[in-house]
Every structure is written in C-alpha cells, then in structure tokens.
Amino acid sequence: MDYRQTLAYLYGLQRFGIKLGLNNIQTLLARLDHPERAMPIVHVAGTNGKGSVSAATALMLQSAGLRTGLYTSPHLHSFTERIRIDGLPIRESELVELTEEIRRVVGSLPVTFFEFTTALALLYFRRRQVDFAVLEVGMGGRLDATNAVVPEISVITPICCDHAEHLGPDLATIAGEKAGIIKHGVPVVVAAQQPDAERVLLTRAADMEAPVCLWNREYRIVEHPPYFDFYSSSRELTRLRSGLEGAHQRQNLAVALMVAVVLQNRGVPLSEKNLRHGIEKVQWPGRLEWWGQQRTVLLDGAHNRGGAEALAAYLGEIGCKRVRWIAGIKGQRCVEDILAPLLPYTVHLYATLPPVDQGVEPDKLVQTAQQAGVSAEVCSSPAEAVAAALDDRDEDEVILVAGSLFLVAAVRDYLMDRERNR
C-alpha cells in the first residue's frame, strides 16, 4: 500500500463504528507483544482541554531532553498530526509500514479505526524508543482504547455534558466514564470540575487508593495579566506567560504544570526551565487561534456548552463586542447549548455544514439565531461563509469560526490557499 491506500484502509475501519470496550484493543496489543508496557505514560481524559494539557505536558518532557511521544485526536489537516515524537509527526512511509504490519496481525479481529490507530501509535513509540508518551483519550475513558494502558499518572481535565449518546445523559454518569482511567495507586491530577463531577472523581480515586492532586486544593494559580503564578505544596512558579490565550487555557496549563510536579516528585528530571518552556512555548492550532497579524479572524474548536462558555469568556476578556460568526456543528450536538453563550456577541451568523458525515442543518442554526434576535444566513460551504464574512466585516468586528474542529480545519485550509494565491 502507498500512503493514500493506507488512509483509505484506516478510514475504512470506521465501518465498525464507535465500539466502546477493551477486549479488542487488549487482544491486539497482546499480539503486538504489548508495546504499551515499553514506556511510562501520561494518560489524559476529560471533555475540554485534553489536547492543550497533553501538548504542554509533552513539551515540558521534551524540553528536559526526554524523547516524547504524543498521541491526540482528531487532526486538523493531516492524519500524521495524531502521532508525534518531539513535536514531529510520524512520516508517511512509517505510517504505511506500521499499518501493513498491524494489518497482518489483526486478521479477522474487528478492530475499530481508533483501536487500530491507538495500537499503531504505541507500536511506533516503542520502535522509536521514546522515554515518555502522552496519550489523549478519544472518548470517555473507562472503555476507551487508550485505557488499555497502566500509566505513570492519570489526568482529568474539565468535564461537561458531551457525547451523551455514548457516555450517558447526565454529568455524574459522564464523569463516571472519565473516572474509569483512574488506576489503583496511580496518582491523578484533577482539573476544576463542577460539583457533581468532582464528587464522582474523588470517590473513584478513594476506591482505587489513587493519590489526588485537586484544583484549588493541591494546586492553584493567581493571575495578574499578562502573567500568572502557579502554587503547589512542593513548587511555586511566578510570572509565567501562557503560550495559549484565554483564562481557561491558563487553567489547562496549570493542570499540565501539576502533572510535571508530580512527575518531578517521582524522579523524572524536570527543571524549572523545562516547565517554563512548556508553558510559554506551547502552541495548539485551532484553539483560540488568531489568524495572521491583524487579529481579525479567530479560530476555535468549541463544540459543546463548556467550550462555548470558555470562548465567550475570552471574548469578554479581550473586550470584543461584535463578531461575525461562521458556525458549523457536527451532528448529535445540542445547538442551543453552543449558540446561547456566543449569540450576545454576534452581529451576524453565517451557518454552514462542517465537512463531516453528519452535520446540523444550517437552517436550524439560522432559526435559533433569529429567534434570539441575531441576523443569520445559510452558506453553502465554509469557504463561501468566510468570503461573505470578510466582505461584510466592519473595522471593529472580529470574524469568529467556531462550532466544530472540522469546520476550523476547513477554514484554515481556505485561508492558507487564499494567502498562497495572493
């Protein structure tokens, strides 16, 4: 197979759908001689902020000279972005070779797309002899393919109601699924949580005798823009400047710092310089990302109420009062939950479909916006929406792209092509 054929094979595994459970991944990893046991792992679950925490943690480890693997999903532009070592994506040729190798081992085992790619990432990390790996949970935690590992440390970022059709109808049930990554005796860093979620997480940790580092109990931050200070019982860092924008990202970076502190206490050679580097240099495209120098286009992957509320808080933080919002939402999402926090800032909404198999009909977005007193229109594509917003924009307005990371990727593609063709 070449690279194109390899991607066709991998995406073809989506015919097995989303099957939460560990039997297949455990069987596959056993057939590969357990690559997950070859390195210490940081395992990151939660609803929002998983990618940012994972990226910052990986960068701190990398800064210390530790060869560090990072496995995240989804990607923006290339599948290879999902699997990185020291910031560099897996080469296409290596992806092809490893896919062929695992395909022969799979045989008739009906593995899903995510199970296969998780095994591929772990095998790649073992082959390249990484010193550490950071794994982001795909969905939930308890039955997610990544939960076949026993990590050095578990991490749970903020939890909100998302993927209810797979994880459960209420916050406590969803938190129970996320808490499933907590292993017996393994330390867990817990981000700021709503009370119902926090209770579930702390109960699970107590049952598993897992030491807990809880936000605003074992660690906290004090903000004095543009800096913030980090405090824990064993480490203080002052005058930190975040590489990511937004108050919620500063909280995410505090979670990553607490992970680093726990790893330090467990003998991992991380210095203050390494920690500062990870916080100040981390980048995570598509999350509060300003496009270009003019800061007129803001891209954010917010796709649930928690993400939309964090994005709205950021708009308030920077004093932005007028946005032209390009919105596209993947299917199975509650439109009102995503639109409600952001419509007060919106002067016009451009509704479109993100490039996914199932998306919310743009007419529904338009109807919801108009019922809230916001003018709106349907655009046939993300590209048409961007072009219209750019033409309509007044000098004091920001063009916001949000509702789906797939929409953000499509708009980034359009903006890159536009710049190349100038």
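Helix H3 (residues 50–63) packs against helix H9 (residues 247–265) at an angle of about 45°, and their axes lie 9 Å apart; that makes H3 oblique to H9, a word for angles outside the ranges under 35 degrees (roughly parallel), over 145 (roughly antiparallel) and 65 to 115 (roughly perpendicular). This is a predicted model, in which local features need pLDDT of at least 70 and side-chain atom pairs count only at pLDDT 80 or more, while totals for chains, interfaces and linings use all residues. Residues are numbered from 1 along each chain as its sequence is written, and side-chain values use heavy atoms, with hydrogens and water left out.

**The helix pair**

- Axes are lines fitted to C-alpha atoms, for helices over the stretch in contact, and angles run from 0 to 180 degrees between N-to-C directions.
- Contact, meaning heavy atoms within 4.5 Å, involves residues of H3 including Ser52, Val53 and Met60, and residues of H9 including Gln249, Leu253 and Leu263.
- The residues of this contact between H3 and H9 comprise 11 nonpolar, 4 polar and no charged.

**The sheet**

- Strands S9, S10 and S11 form an open sheet of 3 strands in the order S9-S10-S11, with antiparallel pairing, where two strands pair if DSSP finds at least two bridges between them.
- S9 (219–224) and S11 (236–240) are the edge strands, each pairing on one side only, and the twist averages 15° from one strand to the next.
- Between S9 and S10 (residues 227–232), the antiparallel pairing runs over 6 bridges, and Glu223 has Phe228 in S10 as its bridge partner.
- Helix H10 (residues 272–281) packs on the sheet, where H10 touches S10 and S11, and its direction makes about 40° with that of S11.

Notes
Helix = DSSP H or I, 4+ residues; strand = E, 2+ residues; numbered from the N terminus. Nonpolar A, V, L, I, M, F, W, Y, C, P; charged D, E, K, R; others polar.
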